[in-house]
Number of protein chains: 2
Amino acid sequence: MRNIKVAIWGFGAMGSGMAKALLNKKGIEIVGVCDLHPDRVDREMHEVLGVNRGDRAPVYINGNIDEVLKEKSCDVCLCATDSFVKKAFPRLKLVLEKKINVISTAEEMAYPKAQSPEEALELDRIAKENGVSILGTGINPGLMMDLLVLTLTGAMTDLTHIKSERINSLSPFGHAVMEEQGVGLSKEDFIEQDKAGTLAGHVGFEESVNMMTDAVGWKLDGPLKTSMAPIVTDVPRETQYIKVDAGYVAGCSMLGDGYVEGEKKVEMVHPQQIEPQLGGVETGDYITLAGTPNISMAITPEIDGGIGTIAMCINMIPQIINSRPGLKTMIDLPVPRCIVGDYRDMIEVELN
Amino acid sequence: MRNIKVAIWGFGAMGSGMAKALLNKKGIEIVGVCDLHPDRVDREMHEVLGVNRGDRAPVYINGNIDEVLKEKSCDVCLCATDSFVKKAFPRLKLVLEKKINVISTAEEMAYPKAQSPEEALELDRIAKENGVSILGTGINPGLMMDLLVLTLTGAMTDLTHIKSERINSLSPFGHAVMEEQGVGLSKEDFIEQDKAGTLAGHVGFEESVNMMTDAVGWKLDGPLKTSMAPIVTDVPRETQYIKVDAGYVAGCSMLGDGYVEGEKKVEMVHPQQIEPQLGGVETGDYITLAGTPNISMAITPEIDGGIGTIAMCINMIPQIINSRPGLKTMIDLPVPRCIVGDYRDMIEVELN
């Protein structure tokens with residue numbers, strides 16, 4: 001069997017991280033990269049990554065997606081360009097129409113029907129029409145606060161309440177995330193921006209919760225009740241991207257509650273901050289399930305969000321190639337797994 | 001859509017537990033039970049369960065499987081009769097040839113190709129020929145020491161070592177399990193029976209480990225290196241089924257190591273005993289993964305083995321109905337989840 005061929009659209013932290021990880025894998029190769037950033041466009045991929053190219057063919061980063069992707073020119077395109085379905089939609093459509101499978105890092109793509117049901121139907125239709133499939137995944141949404149929860153409920157004969165908690169560090173993330181989360185603001189500015197609706201905070205609660213409630217068969221009363229609170233630091237904190245003085249915002253604590261028939265059935269708790277240890281906070285992923293039996297799970301420290309998202313995307317490549325055509329989510333496909341062997345051994349379909 | 005129809009073959013602790021759990025579910029009904037035990041045969045199922053039948057039709061437990069199952073007379077048969085593939089094989093074949101999907105509790109059926117590759121191929125062939133599918137599952141093998149491990153590796157870009165630990169209580173289990181595990185023996189008798197190969201201990205290490213190594217792409221050097229040690233109690237311990245004096249065996253500690261190219265890549269640790277708290281032992285499920293990143297997970301106390309197996313079997317019913325024909329394992333199908341809504345909402349295929 002020939003190697004699996006992958007293209008990457010968006011060569012920021014996630015896209016370039018996927019490339020680096022894929023270079024260590026067997027039976028799979030990167031055949032194209034699309035990125036417009038002036039620091040990267042027209043440069044050779046291995047050189048940008050600071051990796052020895054060895055005897056691999058050079059891959060030039062191209063700003064024009066129509067030059068990177070031709071019809072069926074690769075098996076999967078990893079799209080790491082957006083967070084929101086409506087913004088990602090035209091790009092995803094373009095790839096699907098070239099008869100190429102898609103894995104998207106867009107948080108909302110983890111369960112697009114939660115907030116963009118029309119686009120979800122349309123993506124499903126386009127994918128089927130072109131005989132390919134599309135999946136949104138990542139560490140969260142995609143695993144820690146949803147798929148992993150569901151997997152554990154598999155051991156329960158009854159389920160009455162889900163609490164899903166992720167207490168993690170924002171230190172690895174750059175300026176864009178700092179802005180989204182309000183890191184560096186004064187408490188007053190944070191509250192004002194939250195009121196004005198200009199702080200994004202974590203994107204993914206609606207996706208995680210709708211994925212879970214659909215999977216177990218609960219019908220949500222409506223959108224989640226969410227809130228965002230500033231995490232104000234008592235001590236100065238600093239990362240390679242930002243410096244926050246004592247008394248200022250080091251992170252953002254998001255809560256989201258899902259109600260079913262008036263009862264709070266799902267609780268999402270997600271405080272994120274830079275250098276949490278300076279606030280005396282131990283990071284971790286925690287799942288608490290009530291039912292028969294009760295289940296209490298802890299992963300400490302938390303699974304790194306950057307590596308985790310990169311891993312989920314590259315590890316799901318075989319599943320999306322093997323899948324029947326259409327829009328898929330993590331609850332439709334076999335579980336992710338870290339592929340350390342040859343990627344080709346995981347493929348169950350004919351590659352064209 | 002009509003209700004999902006289920007038959008149960010084997011009405012011991014597992015089979016009757018599944019029946020009880022299913023009676024609380026929507027969109028699914030039990031249409032037949034096969035069991036030969038003189039305490040149960042020819043009796044009405046609800047009465048045997050001690051459950052109010054309400055307006056449900058009576059279901060008489062029948063010792064003749066050919067009277068319980070006719071061609072396509074139900075959607076799934078839950079087979080809770082055996083632990084070993086070779087012993088279960090003729091029964092599973094019989095059900096498949098009646099064009100009925102199968103979920104088996106047989107531990108070895110969780111990954112039958114590990115120890116019975118010929119029977120696995122044959123079951124796959126028979127299932128496909130009859131347009132149905134067959135799955136082996138349970139709490140372990142099936143979830144705690146294998147599928148859950150794999151799910152967590154999904155967040156890793158590299159994996160170098162797996163340690164999977166399950167420290168659990170045998171107190172809920174009856175005489176058969178006490179005998180298999182050597183509970184109540186003297187230390188000397190335990191060691192003698194172990195040497196003679198007459199102690200079963202835990203069944204499932206080969207299945208769990210082969211499932212994991214196949215999924216990630218490691219090729220095992222050969223069978224696992226396993227060992228069994230008696231857990232001798234310092235104090236008397238007692239359950240509703242057995243009484244063990246101080247100085248006697250309260251449980252069995254199984255270890256299993258999987259080697260890849262001479263290196264120990266997978267470590268299975270599974271001490272099981274009655275009343276572990278009397279030995280100062282805290283039960284739990286622990287997964288420790290080395291790679292990028294390292295991951296450390298703890299579930300305390302352990303997920304109950306009896307409820308867990310019952311749950312896994314009834315929760316996988318939609319997946320096995322929706323599946324393409326053939327022999328399936330937990331790594332081929334979407335993740336299990338506790339179904340609290342209507343079972344019919346989970347079905348994606350036409351029921352005949």
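Here are some short exercises on the structure above, which is a predicted model, each with a worked solution.

**Exercise 1. The two chains**

Work out what rotation and what shift superpose chain A on chain B, and how the two copies are related.

*Solution.* Start with the general idea: two copies of a chain are related by a rotation about an axis and a shift along it. In this model, the rotation that brings chain A onto chain B is 180°, the shift along the axis is 0.0 Å, and the RMSD is 0.0 Å. The two copies are therefore related as by a two-fold rotation axis. Next, look for the residue of chain A that comes closest to that axis: it is A:P334, with its C-alpha at 2.2 Å. Finally, consider the contact surface. Both copies use the same one, as 100% of the contact residues of chain A recur in chain B.

**Exercise 2. Annotated domains of chain A**

Find which residues of chain A the UniProt domain annotations cover, and give the helix and strand content of each span.

*Solution.* Begin at the N-terminal side. The unreviewed UniProt entry places "domain: Gfo/Idh/MocA-like oxidoreductase N-terminal" at residues 4–133 of chain A. That span is 35% helix and 18% strand, and its end C-alpha atoms lie 16 Å apart. Then move on to residues 144–348 of chain A, which the unreviewed UniProt entry annotates as "domain: 2,4-diaminopentanoate dehydrogenase C-terminal". Here the content is 26% helix and 31% strand, with 27 Å between the end C-alpha atoms.

**Exercise 3. A serine in a strand**

Is A:S169 buried or exposed, and which residues beyond its sequence neighbours does A:S169 contact?

*Solution.* First locate the residue: A:S169 belongs to strand β7 of chain A, residues 158–169. Its relative accessibility is 15%; the cut-off for buried is under 20%, so A:S169 counts as buried. Now set aside the neighbours within four places in sequence. The contacts of A:S169 are then A:Q273, A:E275, A:P276, A:T283 and A:E302. Take A:E275 from that list: 106 residues separate A:S169 and A:E275 in sequence, yet their C-alpha atoms are 6.2 Å apart. To finish, check the side chain: a polar atom of the A:S169 side chain lies 3.0 Å from the backbone nitrogen of A:S171.

**Exercise 4. Backbone details in loops**

Find where the cis peptide bonds before A:P141 and A:P293 lie, and which phi values B:D42 and B:E275 have.

*Solution.* Take the prolines first. The bond from A:N140 to A:P141 is cis, with omega near 0°, and A:P141 sits in the loop between β6 (133–136) and α6 (147–153) of chain A. The bond joining A:T292 and A:P293 is also cis, with omega about -10°; A:P293 is in the loop between β13 (284–292) and β14 (295–299) of chain A.

Now turn to chain B. B:D42 is not a glycine, but its phi is positive, about 70°. Its loop runs between β2 (28–34) and α2 (45–49) of chain B, and B:D42 is exposed at 58% relative accessible area. B:E275 is also a non-glycine residue with a positive phi, near 45°, and lies in the loop between β12 (263–273) and β13 (284–292) of chain B.

**Exercise 5. Rings and charges**

How many aromatic pairs does the structure hold, and which ring does the charged end of A:K225 sit over?

*Solution.* Count the pairs over all chains: there are zero. Then examine the lysine. The charged end of A:K225 sits over the ring of A:Y259, 4.4 Å from the ring centre. In chain B, B:K225 lies over the face of B:Y259, at 4.4 Å from the ring centre.

Terms used. Residues numbered from 1 in each chain as written. Chains lettered and ligands numbered in written order. Predicted model: local features only at pLDDT ≥ 70, side-chain atom pairs only at ≥ 80, totals over all residues. Heavy atoms only, no water. Phe/Tyr/Trp six-rings, centres within 6.5 Å; stacked < 30°, edge-to-face > 60°. Lys NZ or Arg CZ within 6 Å of the ring centre and 35° of its normal. Least-squares fit on C-alpha atoms with pLDDT ≥ 70 in both. Contact = heavy atoms within 4.5 Å. UniProt positions renumbered as here; feature names shortened; annotations may be inferred. Helix = DSSP H or I, 4+ residues; strand = E, 2+ residues; numbered from the N terminus. Buried < 20%, exposed > 50% of the residue type's maximum accessible area, 1.4 Å probe, protein only. Polar contact = N/O pair within 3.5 Å; in protein donor to acceptor, adjacent residues only side chain to side chain.
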